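Please open the model in the viewer and keep the sequence panel visible. The tour below proceeds by selection, one stop at a time.

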Amino acid sequence: MPKWFLIYTSKSLPEANIIKGMLEENNVPVLLMNKQDSSYVNFGEIELYVPNVLNQLAKQLVDKALLN
C-alpha cells in the first residue's frame, strides 16, 4: 500500500478540484480529503494527497499550474 504525501491545501473546493483534475490528467492518482466544517465552510481546509513516489512530479505540476 503506497504512502500518501500532502501536496496541496485550499479553502476552496472548486480550486482543489481543478488541481485534482490537472494531476489526474497527468496520470497522478489523487486523494482529496475535505476537512471543512459542514456548517461553516470557512473552518478547515481541503487537502490533496498523492502517492509518495510521485510527489516530486506532482509538486512540479502544481507549481507550474499555479504560475499560469
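Throughout this tour, a residue is called buried under 20% relative accessible area, exposed over 50%, and partly exposed in between (1.4 Å probe, protein chains only). The model is predicted, so local features are given only at pLDDT of at least 70 and side-chain atom pairs only at pLDDT 80 or more, while totals for chains, interfaces and linings use all residues. Residues are numbered from 1 along each chain as its sequence is written, and side-chain values use heavy atoms, with hydrogens and water left out. Helices (H or I, at least four residues) and strands (E, at least two) are DSSP runs, numbered from the N terminus.

**Stop 1: the loop after H1**

Select Asn27, in the loop between H1 and strand E2 (31–34). Is Asn27 buried or exposed? Asn27 has a relative accessible area of 68%, and therefore counts as exposed. Its backbone also deserves inspection: Asn27 is not a glycine, yet has a positive phi of about 60 degrees.

**Stop 2: helix H1**

Next, select helix H1 (13–25). The expected span of a helix is 1.5 Å times one less than its number of residues. For the 13 residues of H1 this gives 18 Å, and the end C-alpha atoms are indeed 18 Å apart. Colour Ala16, Ile19, Met22 and Leu23, which are the buried residues of H1. Why do they lie on the same side of H1? They cover an arc of only 125 degrees around the axis, which puts them there; the arc is that of the directions from the helix axis to the C-beta atoms. On the other side of H1, Pro14, Ile18 and Glu25 are exposed. The cover over the buried residues of H1 includes E1, E2, E3 and H2.

**Stop 3: the salt bridges**

A salt bridge here is a side-chain nitrogen of Lys or Arg within 4 Å of a carboxyl oxygen of Asp or Glu. How many salt bridges does this rule give? The count is two.

Remain on H1 and display the side chains of Glu24 and Lys20, which form a salt bridge with an N to O distance of 3.2 Å. Both residues lie in helix H1, four residues apart, about one turn of the helix. Glu24 is partly exposed at 38% relative accessibility, and Lys20 is likewise partly exposed, with a relative accessible area of 21%.

Now display Lys35 and Glu47, whose side chains also meet in a salt bridge (3.2 Å, N to O). This pair links distant parts of the chain, 12 residues apart: Lys35 is in the loop between E2 and E3, and Glu47 is in strand E3. Lys35 counts as partly exposed at 45% relative accessibility, whereas Glu47 counts as buried at 11%.

**Stop 4: strand E1**

Move to Tyr8, which is in strand E1. With a relative accessible area of 11%, Tyr8 is buried. Contact means heavy atoms within 4.5 Å. Leaving aside neighbours within four places in sequence, Tyr8 is in contact with Glu15, Ile19, Ile46, Glu47, Leu48, Val62 and Leu66. For a distance check, place a C-alpha to C-alpha label between Tyr8 and Tyr49: they are 41 residues apart in sequence and 7.2 Å apart in space.

Strand E1 also holds Trp4, which is partly exposed, with a relative accessible area of 36%. Add Leu31 and Met33 to the selection; with Trp4 they make a nonpolar surface patch of about 250 Å². Patches are made of residues with over 30% relative accessible area and no salt bridge: like charges are joined within 9 Å, nonpolar side chains (Val, Leu, Ile, Met, Phe, Trp, Tyr) within 5 Å. Accessible areas come from the Shrake-Rupley method with a 1.4 Å probe; for residues, only the protein chains shown count as cover.

**Stop 5: helix H2**

Finally, select helix H2 (residues 55–67), whose 13 residues reach 18 Å from first C-alpha to last, close to the 18 Å expected at 1.5 Å a residue. Asn55, Ala58, Leu61 and Val62 are buried in H2. These four cover an arc of only 125 degrees around the axis, which puts them on the same side of H2. On the other side of H2, Gln56, Gln60, Lys64 and Leu67 are exposed. The buried residues of H2 pack against strand E1 (4–10), helix H1 (13–25) and strand E3 (46–51).

Centre the view on Asn55, which is in helix H2 and counts as buried at 10% relative accessibility. Not counting residues up to four places away in sequence, Asn55 touches Phe5, Ile7 and Val50.
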